[in-house]
There are 2 protein chains.
Amino acid sequence: MSTNRLLYLPLGGAGEIGMNCYVYGYGPVGKERYIVVDLGVTFPDMDGTPGVDLIFADIAWLEERKDRIDAIYITHAHEDHVGAVGHLWPRLGAPIYARKFTSHLARLKFEEHGLDVKKVITVGAWPEQTKTGPFTVGFLPVSHSIPESSALIIDTPEGRIIHTGDFKVDRTPLVGEAFDDDLWADVSKDGVIALVCDSTNVFSPNAGRSEAEVVEPLTQLMKDLPGLVAATTFASNVARVKTLAEAGVKAGRSVVLMGRAMRRMVTAGIETGVITDFPTTLPPDKAGEVPRENLLLLTTGSQGERRAATAQLSRGKYLGMKLVEGDTVIFSSKTIPGNENSVSRIVNAFSEMGVDVVTDSDGLYHVSGHANRPDIAHVHNVVKPNLVIPMHGEHRHLRAHAKLAEDNGYKAIIAPNGTGVNLAGGKIKVVEFVETGRTYLDGSVQIGAMDGVVRDRIRMALNGLVVTTVIIEDNAPLGDCWCEIKGLPETGRSKAPLVDVLEEDLNQFLMRANKKTMVDDDKIEEEMRRIIRRSTQNEIGKKPEVQVVISRLSN
Amino acid sequence: MSTNRLLYLPLGGAGEIGMNCYVYGYGPVGKERYIVVDLGVTFPDMDGTPGVDLIFADIAWLEERKDRIDAIYITHAHEDHVGAVGHLWPRLGAPIYARKFTSHLARLKFEEHGLDVKKVITVGAWPEQTKTGPFTVGFLPVSHSIPESSALIIDTPEGRIIHTGDFKVDRTPLVGEAFDDDLWADVSKDGVIALVCDSTNVFSPNAGRSEAEVVEPLTQLMKDLPGLVAATTFASNVARVKTLAEAGVKAGRSVVLMGRAMRRMVTAGIETGVITDFPTTLPPDKAGEVPRENLLLLTTGSQGERRAATAQLSRGKYLGMKLVEGDTVIFSSKTIPGNENSVSRIVNAFSEMGVDVVTDSDGLYHVSGHANRPDIAHVHNVVKPNLVIPMHGEHRHLRAHAKLAEDNGYKAIIAPNGTGVNLAGGKIKVVEFVETGRTYLDGSVQIGAMDGVVRDRIRMALNGLVVTTVIIEDNAPLGDCWCEIKGLPETGRSKAPLVDVLEEDLNQFLMRANKKTMVDDDKIEEEMRRIIRRSTQNEIGKKPEVQVVISRLSN
């Protein structure tokens with residue numbers, strides 16, 4: 001047995017918040033059997049990934065070992081945990097296990113991608129267990145901001161691992177299961193070799209608050225507000241959506257769901273039995289028949305997404321509705337770092353319309369879905385693991401979480417993406433460094449982050465582009481060369497059009513170039529590029545990207 | 001006199017935090033004389049302004065009235081108030097008035113731009129006054145996060161206006177002048193027709209804290225930390241820089257200034273007499289001779305700027321220094337919304353090096369330079385103006401500030417950029433809507449935000465580019481057309497190279513096109529563009545930008 005390895009290997013999520021993908025393996029070196037936990041996405045931004053549609057963990061390493069993967073387990077239905085199943089599943093092929101609500105949404109993704117929905121298998125909560133290869137896995141209910149979130153109890157020949165998934169310690173979560181200290185203590189009582197644990201909120205110093213605490217403030221607010229109210233939150237936060245709807249009803253408002261995700265999530269909640277008594281909603285096309293002070297719109301787009309309902313309302317009419325002075329928009333959500341500008345843009349647009357905006361600045365109308373620092377420490381103490389492995393966090397989160405564990409007397413290891421840790425035999429040892437990275441979904445194509453495609457786009461965005469074409473016949477230019485610019489000022493220092501300046505410089509070069517140059521396309525291109533960059537720098541102070549097209553006419 | 005207008009017109013700063021530029025005018029319609037308050041910049045980002053170097057208010061309206069501008073007043077030396085003087089002054093030409101520290105830095109900018117430094121005139125603080133046209137202007141000291149910040153007391157034939165500039169209510173600011181309630185009450189006692197007032201922190205609910213409150217925590221921290229300490233803040237926050245340096249000295253550390261702005265600001269402070277007893281500093285090339293636990297580096301780049309000292313240290317050696325495990329970096333600053341990702345990137349890089357990072361998350365090591373909500377209300381009550389005009393804020397700040405004033409019994413008006421308000425005769429009336437906007441410094445050229453240059457760059461970043469060239473002779477294609485791609489995946493659905501697919505589709509079109517099409521370059525271009533966009537969409541699911549180059553050979 002001593003030659004068997006028990007491998008923990010994060011491919012995504014241990015280096016960022018999002019894009020979760022963890023591998024557990026067991027067996028002799030090179031013959032391990034694997035299970036995968038979560039296949040999530042992260043979202044692109046203009047800074048580093050302009051034009052990209054979605055970002056996944058690079059699963060090339062897993063794909064090469066496809067025949068040794070026994071199962072994919074999905075902890076919960078947030079996009080950063082389940083979002084990539086439709087895109088990546090064909091490259092892995094193993095069955096997907098998840099609880100009802102999660103598998104319902106995973107199947108919708110499978111349908112969108114034309115995949116076989118029977119590969120998504122619904123399992124029940126602990127004490128139900130599934131045996132896949134050397135691993136026996138159970139879904140232990142945890143509280144989070146989406147129904148049926150679960151930690152995984154992963155029993156291995158070396159002992160028990162608990163992989164928390166995303167969680168918070170909430171004893172009154174309203175929808176879904178409460179955090180159950182006794183249950184957690186019970187599953188941990190015979191020893192846990194590793195607690196692989198959510199790090200998201202490790203920098204939040206105070207104990208987290210319960211979902212139940214926002215009910216009263218939201219209800220009071222809905223009652224107090226005079227005009228139409230629109231409220232936005234993550235659609236997947238079904239508990240919050242329900243709280244908002246119920247608060248609206250108590251305030252005499254009819255509830256209108258606006259935005260595709262909002263309708264899909266409420267439907268999923270009802271169909272899977274996660275929500276049992278959601279208030280009756282009014283279709284958007286009937287909303288006009290109700291006085292506006294009796295309306296509550298539940299809208300998508302709490303992060304300022306341009307095409308979501310909230311943003312559309314900030315720009316004017318959406319599904320026949322228009323906000324006016326006296327109306328109020330409630331952000332029952334936290335703005336994720338990086339989205340501040342998008343959210344501000346919307347708040348300012350509402351401000352110009354005279355629409356009031358209530359944000360979460362004072363924490364009255366939102367609570368986080370992740371365990372804060374003291375809650376993380378609490379779970380360490382309930383589980384008492386041999387080892388804490390922080391996951392789901394940037395490096396700074398992992399490091400702070402490891403330090404927290406160590407300060408409380410637990411062994412901890414920082415294992416960022418690509419770090420393979422062998423947990424067998426009680427010796428914790430880094431045994432592999434796997435090349436990891438990111439895969440971009442660009443349109444309908446998956447490309448590597450390092451392919452240079454996006455780098456070229458960023459360069460064009462920063463530097464602009466000059467395209468030049470020259471026709472060469474008998475090793476001499478046929479006529480003048482042409483330049484076109486894209487994303488560059490039309491005139492610069494000399495006040496003459498930039499293209500004229502460039503064409504003149506290039507034509508002078510082409511006229512004077514000797515035969516040795518003119519027979520060599522690479523040399524011509526190199527020289528033309530140099531001239532264009534130098535002259536553009538002179539004229540407008542920028543060195544542009546250059547595309548040289550040489551057309552050579554032969555007999 | 002009733003035909004004279006007293007105009008308040010913001011061109012920048014009343015719609016954003018940054019890019020301050022306000023105009024005051026007095027006289028008969030069309031013959032008003034003007035003064036300008038502040039000529040600031042704002043900073044570009046990848047989202048909306050990739051590749052842009054700096055952003056200014058569009059001053060075309062002012063430039064058209066250049067002969068009627070009597071003076072430019074600069075309230076203080078932050079870039080969002082003084083940053084554009086070198087770039088825009090030639091278009092305005094009026095003398096610049098500022099206090100010593102500010103004019104020192106303005107003159108450095110003039111020198112960089114080869115402008116006449118004599119046009120920058122140093123004036124003293126209140127009760128000194130300068131008469132320019134119909135306005136008599138005095139600099140009333142206020143506390144802020146840079147020395148010699150001032151409100152302007154603008155006396156007009158219609159009465160007194162107070163323009164606060166940026167300010168906080170700090171009675172112990174350490175460097176520079178304290179907020180002086182008695183002085184403010186005194187200058188206001190004969191009536192103030194309008195208080196034009198900073199709105200930046202209107203959403204901060206608690207009274208602001210004094211600069212003096214960070215001294216003790218920082219000193220204790222420096223003493224407690226074991227290894228080398230690097231501390232970063234805005235270099236222009238001379239009080240903070242001095243506090244950090246003094247804390248370092250008390251902890252037995254030699255102080256090293258790292259980054260050009262850090263050296264320039266400390267030098268400016270000493271040369272203008274604003275700082276009198278700054279600790280002796282050690283040049284970076286001598287730092288290696290001191291044990292690292294006796295070093296304090298004061299570094300630029302608190303906002304995560306890629307080329308500043310802090311970012312360079314996070315990537316490795318900078319000026320011979322390298323941070324190692326056991327060292328600590330202190331961010332004695334707030335992260336400005338939008339910069340979170342850049343700052344996180346640096347914190348994570350330090351985390352990977354084992355370097356600890358202390359941020360301002362608990363507010364111990366930083367205080368804001370702007371008046372919070374209760375401080376703003378306090379100033380309203382000290383000045384008791386006829387009218388509050390909120391400035392320096394996004395629309396949501398201006399609106400919240402106006403509401404705050406009205407709730408406390410003051411009249412207020414929201415006047416975003418371009419809104420000309422006539423304050424004459426006690427009647428407050430919007431009399432002009434001036435077309436305003438933004439000017440981009442792109443390399444060395446000033447371009448309009450709406451010119452389409454940056455829009456084209458953003459489109460290339462989002463969509464990628466296909467360049468195609470075709471040679472036409474006698475209205476028939478001469479050989480095949482060529483395609484090149486930039487920022488697009490090389491292969492898509494059909495697994496064939498994208499350029500091959502495109503060239504085949506285009507060549508088919510060119511072969512079959514009738515004479516009516518082939519004589520018409522516009523038609524050919526339109527058709528080729530259509531084919532490229534359709535085929536690329538088929539292959540990779542994106543519609544690219546297209547550049548068609550048609551070369552027509554004529555005998």
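**Exercise 1. A salt bridge within helix α12**

Is B:K403 buried, partly exposed or exposed, and what is its relative accessible area?

*Solution.* The structure is a predicted model.
Step 1. The relative accessible area of B:K403 is 44%. Buried means under 20% and exposed means over 50%, with partly exposed in between. B:K403 is therefore partly exposed.
Step 2. The side chain of B:K403 meets that of B:D407 in a salt bridge, with 3.6 Å from N to O.
Step 3. Helix α12 (residues 395–407) of chain B holds both B:K403 and B:D407, which are four residues apart, about one turn of the helix.
Step 4. The partner, B:D407, has a relative accessible area of 55% and is exposed.

**Exercise 2. A salt bridge within helix α16**

Determine how B:E525 and B:R529 are placed relative to one another, and describe their exposure.

*Solution.* Step 1. B:E525 and B:R529 form a salt bridge whose closest N and O atoms are 2.7 Å apart.
Step 2. Both residues belong to helix α16 (residues 521–540) of chain B; because they are four residues apart there, about one helical turn separates them.
Step 3. B:E525 has a relative accessible area of 26% and is partly exposed. B:R529, at 28%, is also partly exposed.

**Exercise 3. A salt bridge between two helices**

Which parts of chain B are tied together by the pair B:E79 and B:K109?

*Solution.* Step 1. Side chains of opposite charge can pair when their charged atoms come close.
Step 2. In the salt bridge of B:E79 with B:K109, the closest N and O atoms are 2.8 Å apart.
Step 3. B:E79 lies in helix α2 (residues 79–82) of chain B and B:K109 in helix α4 (residues 100–112) of chain B, so the pair ties together parts that are 30 residues apart in sequence.
Step 4. B:E79 is partly exposed at 29% relative accessibility, whereas B:K109 is buried at 15%.
Step 5. Over all chains, the structure holds 56 salt bridges. In chain A, a network of salt bridges links A:R5, A:E32, A:R68 and A:E432.

**Exercise 4. An aromatic pair in chain B**

Classify the geometry of the pair B:Y73 and B:Y97, and state which strands hold the two residues.

*Solution.* Step 1. The rings of B:Y73 and B:Y97 are 5.2 Å apart, centre to centre, with 25 degrees between the planes. Planes under 30 degrees apart count as stacked, so this pair is stacked.
Step 2. B:Y73 lies in strand β6 (residues 69–73) of chain B and B:Y97 in strand β7 (residues 96–98) of chain B; the pair therefore ties together parts that are 24 residues apart in sequence.
Step 3. Both B:Y73 and B:Y97 are buried.
Step 4. The structure has 18 aromatic pairs over all chains. In chain A, one aromatic cluster is formed by A:Y8, A:Y22 and A:Y24.

**Exercise 5. Backbone geometry**

Which residues does a cis peptide bond join in chain A, and where in chain B does B:D38 lie?

*Solution.* Step 1. Most residues other than glycine have a negative phi, and most peptide bonds are trans.
Step 2. The bond between A:W126 and A:P127 is cis, with omega about 20 degrees; A:P127 is in the loop between β8 (120–122) and β9 (129–132) of chain A.
Step 3. In chain B, a cis peptide bond joins B:W126 and B:P127, with omega about 15 degrees. B:P127 is in the loop between β8 (120–122) and β9 (129–132) of chain B.
Step 4. B:D38 has a positive phi, near 70 degrees. Its place is the loop between β3 (33–37) and β4 (41–42) of chain B, and B:D38 is buried at 0% relative accessibility.
Step 5. B:D474 has a positive phi near 50 degrees. B:D474 lies in the loop between β24 (465–473) and β25 (476–477) of chain B and is exposed, with a relative accessible area of 71%.

**Exercise 6. Charged surface patches**

Identify the residues of the negative patch and of the positive patch.

*Solution.* Step 1. A:D45, A:D47, B:D45 and B:D47 form a negative surface patch.
Step 2. A:D45 is in the loop between β4 (41–42) and β5 (54–57) of chain A and is partly exposed at 35% relative accessible area.
Step 3. A surface patch of positive charge gathers A:R306, A:R307, A:R315 and A:R345.
Step 4. A:R315 is in helix α9 (residues 309–315) of chain A and is partly exposed, at 46% relative accessibility.

Definitions and conventions
Residues are numbered from 1 along each chain as its sequence is written. Chains are lettered from A and ligands numbered from 1 in the order in which they are written. This is a predicted model: local features need pLDDT of at least 70, side-chain atom pairs count only at pLDDT 80 or more; totals for chains, interfaces and linings use all residues. Side-chain values use heavy atoms; hydrogens and water are left out. Patches are made of residues with over 30% relative accessible area and no salt bridge: like charges are joined within 9 Å, nonpolar side chains (Val, Leu, Ile, Met, Phe, Trp, Tyr) within 5 Å. Accessible areas come from the Shrake-Rupley method with a 1.4 Å probe; for residues, only the protein chains shown count as cover. A salt bridge is a side-chain nitrogen of Lys or Arg within 4 Å of a carboxyl oxygen of Asp or Glu. Lys and Arg count as positive and Asp and Glu as negative; His and the chain ends are not counted. The place of a charge is taken as NZ of Lys, CZ of Arg, CG of Asp or CD of Glu. Buried means under 20% relative accessible area, exposed over 50%, partly exposed in between (1.4 Å probe, protein chains only). Rings of Phe, Tyr and Trp (its six-membered ring) pair if their centres lie within 6.5 Å; planes under 30 degrees apart count as stacked, over 60 as edge-to-face and the rest as tilted.
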